[in-house]
Amino acid sequence: MKQTILIVDDEKTQREGLRAALEERYDVYLAEDAKTAAELLEAEHFDVLLTDFRLPSEDGMKLITRAKSLTKPPVCILMTAYGSEELAVEAMKRGADDYIAKGRLQIDELEMRIARALRHQNLEAENVALRQQLDSKFRMENVVGESPAMREVLEDVQQVAPAKTTVLLLGESGTGKELIAKTIHQLSPRAQQPLITVHCAALSATLLESELFGHEKGAFTGAHERRIGRFEQAQGGTLFLDEIGEIDASTQIKLLRFLGERTFERVGSNKTLSADVRLVAATNKNLSELVKAGTFREDLYFRLKVVEIFLPPLRERAEDIPLLAQTFLREYAKENNKPAANFTAEVLERLLRYPWPGNVRELRTAIEHAVVMCRGETITPRDLPASIRNPPPATGPSPRQIVEKEGLTMQEAEKQLMIRALKEANGNRTLAAKKLGMSRRTLHRKLKKYGLEDL
């Protein structure tokens with residue numbers, strides 16, 4: 001289907017000449033003045049507006065301004081016999097995509113400029129679409145979870161995202177810390193700026209320092225040219241440091257300085273640089289234990305933990321497993337063009353009984369495996385990985401088992417579980433909260449609810 005072009009010129013010979021030259025490639029419409037052109041623009045969508053500058057009653061620049069205000073504006077090219085640099089600049093300010101002088105107008109050049117402007121417009125539309133896809137991917141509704149523990153995580157994310165403060169994400173490997181970091185960025189005022197991710201454990205101490213802060217040419221063997229570090233790349237945005245517990249002592253000092261002063265130096269340079277960067281860090285290690293062991297600086301630990309968000313392991317939020325599994329089922333069925341649409345009851349039972357040492361990451365992999373191996377429209381036990389097909393027996397009583405055994409209400413069972421967790425943790429509320437799969441704040445609230453504050 002031909003693209004449409006509206007040619008606006010008060011000289012009939014010029015209009016007709018341009019139509020004859022362009023009608024083989026475009027569906028051409030003509031207008032002799034701005035009023036007629038404006039009516040056509042309101043009534044029809046045009047891909048290109050090619051207008052003369054000098055028009056009766058209204059000049060071409062005003063017409064371009066009007067065209068660019070439309071919901072789906074055309075590519076706009078201004079023609080004039082009164083060419084000047086000042087006029088060209090003014091045309092671009094008004095929204096023109098290009099400018100060409102009629103006195104030296106060549107049809108080949110005009111066709112080239114129209115094609116180039118259309119390509120540029122298409123690229124911009126694709127960029128907008130990609131940005132919308134990215135925004136959609138990391139909106140809150142894409143962080144799946146309805147358990148009380150996950151609801152609290154999502155509440156914390158919404159609360160902290162608009163701020164500039166540093167965030168420390170805690171939790172076992174595979175619990176979704178990177179997804180939460182991306183969500184914090186996407187919900188923040190920095191969303192249109194870069195989100196840079198560094199996996200600290202994947203790099204040696206020397207390489208990590210260079211990766212973060214950059215280096216000058218000749219700073220060390222193999223440094224053949226200057227390198228811009230991740231802090232500079234993340235200017236105005238967010239830097240996510242995954243596995244922060246793995247960084248060496250030297251890098252810890254430099255990171256501490258940045259958090260305190262927002263300044264740093266490239267390796268091999270004495271020039272002090274600054275960056276407006278928000279830091280989000282994550283670890284599956286117990287940083288307080290590393291501080292006690294002398295391998296992690298206490299002052300850096302306190303700088304990082306301005307806001308802590310703990311992501312519970314999947315085994316402690318089993319009520320989220322069916323929802324996550326269904327989400328992954330839809331994703332991989334579509335990706336692999338498979339008809340799989342549901343699970344049998346036996347599959348759900350096995351998913352709920354399995355302890356998921358690899359957490360959400362392992363569940364995602366298991367569902368992908370099941371979709372690929374599924375022979376029909378329903379996932380059956382034989383489609384699951386062997387390790388999940390026959391899960392080990394559950395260890396320890398669940399709240400429901402406690403209810404059935406002791407004849408308690410669910411509220412009384414929850415109370416007994418909290419008492420037990422506090423005893424096992426020797427009164428340490430942070431540890432007890434982790435055992436229960438909830439935050440310390442939630443535990444405190446529930447203890448107050450049940451009158452157990454003095455435990």
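## Getting to know this predicted model

User: Is Arg375 buried or exposed?
Analyst: This is a predicted model, so keep in mind that what follows is computed from it. Residues over 50% relative accessible area count as exposed. Arg375 comes out at 55%, so the label for Arg375 is exposed.

User: Arg375 forms a salt bridge with which residue?
Analyst: Look for the acidic partner of Arg375, where the closest N and O atoms are 3.5 Å apart. That partner sits at 1% relative accessibility and counts as buried, whereas Arg375 counts as exposed. The residue in question is Asp383.

User: Which residues are joined into one network by salt bridges that share partners?
Analyst: Here the salt bridges have partners in common, and that is what ties the residues together. The network consists of Asp98, Glu109, Arg113 and Arg116.

User: How many salt bridges does the count come to?
Analyst: To be counted, a side-chain nitrogen of Lys or Arg has to lie within 4 Å of a carboxyl oxygen of Asp or Glu. One of these pairs is Glu58 with Arg66, at 3.3 Å. The count comes to 23.

User: Is Glu58 buried or exposed?
Analyst: The cut-off for buried is under 20% relative accessible area. Glu58 has 17%, while its salt-bridge partner Arg66 has 36% and is partly exposed. With that value, Glu58 counts as buried.

User: How many residues apart are Arg364 and Glu331?
Analyst: The side chains of these two meet in a salt bridge, at 2.9 Å from N to O. The pair links distant parts of the chain: Arg364 belongs to helix α15 (residues 359-373) and Glu331 to helix α13 (residues 321-335). Arg364 is partly exposed at 28%, and Glu331 is partly exposed at 32%. Along the chain, their separation is 33 residues.

User: In what order do the 5 strands of the open sheet come?
Analyst: Start with the pairs: β7 and β8 (residues 238-242) are parallel over 5 bridges, and β8 pairs with β11 (residues 278-283) in the parallel sense over 4 bridges. The pairing in this sheet is parallel, and the order is β7-β8-β11-β6-β12.

User: Which strands stand at the edges of that sheet?
Analyst: An edge strand here has a single partner strand, so one side is left without a neighbour in the sheet. The strands that fit are β7 and β12 (307-310).

User: Which residue of β11 is the bridge partner of Phe240?
Analyst: Phe240 is in β8, where it is also the bridge partner of Thr197. On the β11 side, the partner of Phe240 is Val280.

User: Which residues make up the covered face of strand β7?
Analyst: β7 covers residues 195-199, and its uncovered face holds Leu195, Thr197 and His199. The covered face is made up of Ile196 and Val198.

User: What angle does helix α7 make with β6?
Analyst: Helix α7 (residues 177-186) lies across β6 (167-170), β7, β8, β11 and β12. Its direction relative to β6 is about 155°.

User: Which helix holds Glu209?
Analyst: Glu209 is buried at 15%. Leaving aside neighbours within four places in sequence, its contacts include Ser250, Lys254 and Val267. The helix, made of residues 205-213, is α8.

User: What percentage of the chain's residues count as buried?
Analyst: The chain has 455 residues, with 20 helices and 14 strands. It exposes about 24,200 Å², and carbon and sulfur atoms supply 49% of that. The buried share of the residues is 44%.

Definitions and conventions. Residues are numbered from 1 along each chain as its sequence is written. This is a predicted model: local features need pLDDT of at least 70, side-chain atom pairs count only at pLDDT 80 or more; totals for chains, interfaces and linings use all residues. Side-chain values use heavy atoms; hydrogens and water are left out. Buried means under 20% relative accessible area, exposed over 50%, partly exposed in between (1.4 Å probe, protein chains only). Helices (H or I, at least four residues) and strands (E, at least two) are DSSP runs, numbered from the N terminus. Contact means heavy atoms within 4.5 Å. Two strands pair if DSSP finds at least two bridges between them. Accessible areas come from the Shrake-Rupley method with a 1.4 Å probe; for residues, only the protein chains shown count as cover. Axes are lines fitted to C-alpha atoms, for helices over the stretch in contact, and angles run from 0 to 180 degrees between N-to-C directions.
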